[in-house]
Amino acid sequence: MIRAYETGREMTPGEKENWEKIKDIVKKVEVLHKENVAQPTNMEAIVEGLLYIVGEDGARVEQLAMAIDKSIEDTKTILENIQQKYAAETFGIELVGYGSVYKFITKKAVFPYAQELFGTSKPNTLSQAALETLAIIAYKQPITRVEIEELRGVSAEVMLRKLQARNLIREAGRSEAVGRPILYEVTEEFMDSFKLYTLNELPDLPEYSKEEENDNLFE
Amino acid sequence: MGFEVETLKFEGPLDLMLHLIHEQQLDIFDLDMAVLTEQYIDYLHAMEELHLEVESEYLVELATLIEYKSKKLLPRKEDELEDDYEDPKDKLVRRLLEYQKYKEVSHTLYDSFIERQDQLSKPVSFDEVIKHAHSEDSRIEGDPYDLLKAMNKVLRRLQLSRPLDIKFTQKELSPEDRILQIKARLKDLPETFSFETLIEDCDNLHEYVITFIAILDMAKDHYLTFTIDDSDNIWFRRGSNHD
């Protein structure tokens, strides 16, 4: 019958009646379908779904590219598009790629309401000692324990253990120096915690020169 | 020379020196080592007087300062003036400036850290599937810190998986509140009473501890006096300050 329609042959009155019925059903199905959920038709929507699934663990460009069978470049473009879409003020979450790991996180403005909802206070904090140690590693990595201690003037052993336990730093092989000491570097978790896509985004270290007034040092 | 003790917390000897340089308004590029050394020693003395433990790192740097001072007093040998000889003062200044850099930048980093803390994400879905794929009865390599790391993750997940509809928080009793409670009860208590009597209304360890801290404060302020008998029972009487 459809074939009859397609070939343009004049339909018999019986066929015509059936055809009208079928068109009616198709229309109803279409409405039903719209009332439910339209399925994604492009890869952007698929990637968005994947990012929802991976949650806080996040996903790397390479992983996503493999999953959707696209090139790294194409996947990057898709991620950028999603990022732009969610940057709009109509969304409560945003897509970030700190340390090259992409994940959805809530926007800053959501937090006060989350506090109301959960009745919680702020979770993690870092001591000044931890911050200084992390800063030194991030700027000078890979770096040995002794080099860190020389810079801060205090023992770093316990602090390095703690930071490793929090997954903010990791061992990165051994130095060629005497005793082949362990080298340390920062992790993706560090990049995520400090909102860095790459280490190049670290703020410039201040430079002090003799010409400056001494007071400028301390403000 | 008098010395005002500040109860600041220093991150180490270099941090302390930077503080002293700032306080004494010394020029870091033309450092007056004599003043710095004197102030540094004064500070360590002050810490000792307060019975604060002076960590060994502070003493190591003190040795450096004193070594510099003693070397200044001795005529310098010619061979020390070779190319690779670095004046200890220059070296110290270099270290102080280097440390100052990281200290300063760590404040900027902290801002990002705090901001990121307010932005949350949800745990991975599909966790079960992933877990099943990796569940083999094999020995797990790792040290206690790995375990700690894993436990942190578990706790974080647990926190996130708590139901949303229950919203009440347990307010912990503060020692100050407890003191007020005890004061209110004092007039109904006999002349002499025991610690056991005081903790009758407590039902967990936290409250026992808070009660204990509260009575320490009250004893200090002479609201209560206490004696401990031979069988280690603590007995209280109202103190001189009791109204």
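In what sense do strand 4 and strand 6 of chain A pair, and over how many bridges? The pairing of strand 4 with strand 6 (residues 182-186) is antiparallel, over two bridges. The model that holds this pair is predicted.

## The sheet in chain A

Strands 4 and 6 belong to an open sheet of three strands in chain A, with the order 4-6-5 and antiparallel pairing. Strand 4 (143-144) and strand 5 (169-174) are its edge strands, each pairing on one side only. Within the sheet, A:I143 has A:Y184 of strand 6 opposite.

Helix 7 of chain A, residues 128-140, lies across strand 4, strand 5 and strand 6. The angle between helix 7 and strand 6 is about 95 degrees.

## Chain A as a whole

Chain A contains 10 helices and six strands. Of its 219 residues, 23% are buried. Among contacts in chain A with a separation of 6 or more, 44% are between residues 24 or more positions apart.

## The contact between chains A and B

At the interface, 46 residues of chain A are in contact with 44 residues of chain B. On the chain B side, at least two residues each come from helix 1 (13-23), helix 3 (56-73), helix 4 (88-117) and helix 6 (144-160). Helix 4 of chain B gives the most to this side, namely 18 residues.

By residue class, the side of chain B that touches chain A has 18 nonpolar, 14 charged and 12 polar residues.

Note on methods: Residues are numbered from 1 along each chain as its sequence is written. Chains are lettered from A and ligands numbered from 1 in the order in which they are written. This is a predicted model: local features need pLDDT of at least 70, side-chain atom pairs count only at pLDDT 80 or more; totals for chains, interfaces and linings use all residues. Two residues are in contact if their C-beta atoms, placed from the backbone, lie within 7 Å. Helices (H or I, at least four residues) and strands (E, at least two) are DSSP runs, numbered from the N terminus. Ala, Val, Leu, Ile, Met, Phe, Trp, Tyr, Cys and Pro count as nonpolar, Asp, Glu, Lys and Arg as charged, and the others, Gly among them, as polar. Two strands pair if DSSP finds at least two bridges between them. Axes are lines fitted to C-alpha atoms, for helices over the stretch in contact, and angles run from 0 to 180 degrees between N-to-C directions. A residue is buried if 20 or more other C-beta atoms lie within 10 Å of its own, exposed if 12 or fewer, and partly exposed in between; C-beta atoms are placed from the backbone.
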